[in-house]
Amino acid sequence: RIKPSGNARGTWLLNGIIFCGQCGGSMTGHTDCKTWQAYYCNTRKSKGKAICDAPTLKVELIDPYIEEKIRSS
């Protein structure tokens, strides 16, 4: 399993290739209080929930799904 670390942009499995399903903005990985890791919409972070109310995507759910799809293709 590929594990993301810290908040460094280059260490997240899906950085640069995952986009928000609501607004089309890019999504970036982050760690919240060192307890869970997720991808969040950069548009929501910079312009607010009124512009994009997309939820965060938990890394523990999305990364294994994508890895399995890659391995099985």
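User: Hi, I'm new to this one. Which residues are exposed on the other side of α2, away from the buried ones?
Analyst: That would be L61 and S72, which are exposed there. Keep in mind that this is a predicted model.

User: OK, and which α2 residues are buried?
Analyst: V59, D63 and E67 are buried in that helix. They cover an arc of only 40 degrees around the axis, so they sit on the same side of α2.

User: What covers them?
Analyst: The cover for the buried residues of α2 includes β2 (36-41) and β3 (57-58).

User: How far apart are the ends of α2, and what span should I expect?
Analyst: Helix α2 runs over residues 59-72, so 14 residues, and at 1.5 Å a residue it should span 20 Å. Its end C-alpha atoms are 20 Å apart, which agrees.

User: Let's zoom out. How many helices and strands does the protein have?
Analyst: There are 2 helices and 3 strands. Starting at the N terminus, the order is β-β-α-β-α.

User: How much of the protein is buried?
Analyst: 29% of its 73 residues count as buried. The accessible surface is about 5,000 Å², and carbon and sulfur atoms account for 54% of that.

User: What share of the contacts comes from residues 24 or more positions apart?
Analyst: Taking contacts with a separation of 6 or more, 34% are between residues 24 or more positions apart.

User: Now the core. Which residues make up the largest nonpolar one?
Analyst: It has 10 residues in all: W12, L14, I18, C20, M27, Y39, C41, C52, A54 and V59. You've met V59 already, as one of the buried residues of α2.

User: Pick I18, then. What is it in contact with, leaving aside neighbours within four places in sequence?
Analyst: I18 is in contact with S26, M27, Y39 and L57. Among these, M27 and Y39 are also members of that largest nonpolar core.

User: I see cysteines in that core. How many disulfides are there?
Analyst: The search of the whole structure finds 0. C20 is in no disulfide, and its nearest cysteine sulfur, that of C52, is 3.6 Å away. From the other end, C52 is in no disulfide either, with the sulfur of C20 as its nearest cysteine sulfur at 3.6 Å.

User: Why doesn't 3.6 Å do it?
Analyst: Because a disulfide here needs the two cysteine sulfur atoms within 2.5 Å.

User: Last thing: is C20 buried or exposed, and what about C52?
Analyst: C20 has 7% relative accessibility, so it counts as buried. C52 is buried too, with a relative accessible area of 2%.

Definitions and conventions:
Residues are numbered from 1 along each chain as its sequence is written. This is a predicted model: local features need pLDDT of at least 70, side-chain atom pairs count only at pLDDT 80 or more; totals for chains, interfaces and linings use all residues. Side-chain values use heavy atoms; hydrogens and water are left out. Helices (H or I, at least four residues) and strands (E, at least two) are DSSP runs, numbered from the N terminus. The expected span of a helix is 1.5 Å times one less than its number of residues. Buried means under 20% relative accessible area, exposed over 50%, partly exposed in between (1.4 Å probe, protein chains only). The arc is that of the directions from the helix axis to the C-beta atoms. Contact means heavy atoms within 4.5 Å. Accessible areas come from the Shrake-Rupley method with a 1.4 Å probe; for residues, only the protein chains shown count as cover. A nonpolar core is a set of buried Ala, Val, Leu, Ile, Met, Phe, Trp, Tyr and Cys residues joined through side-chain atoms within 4.5 Å.
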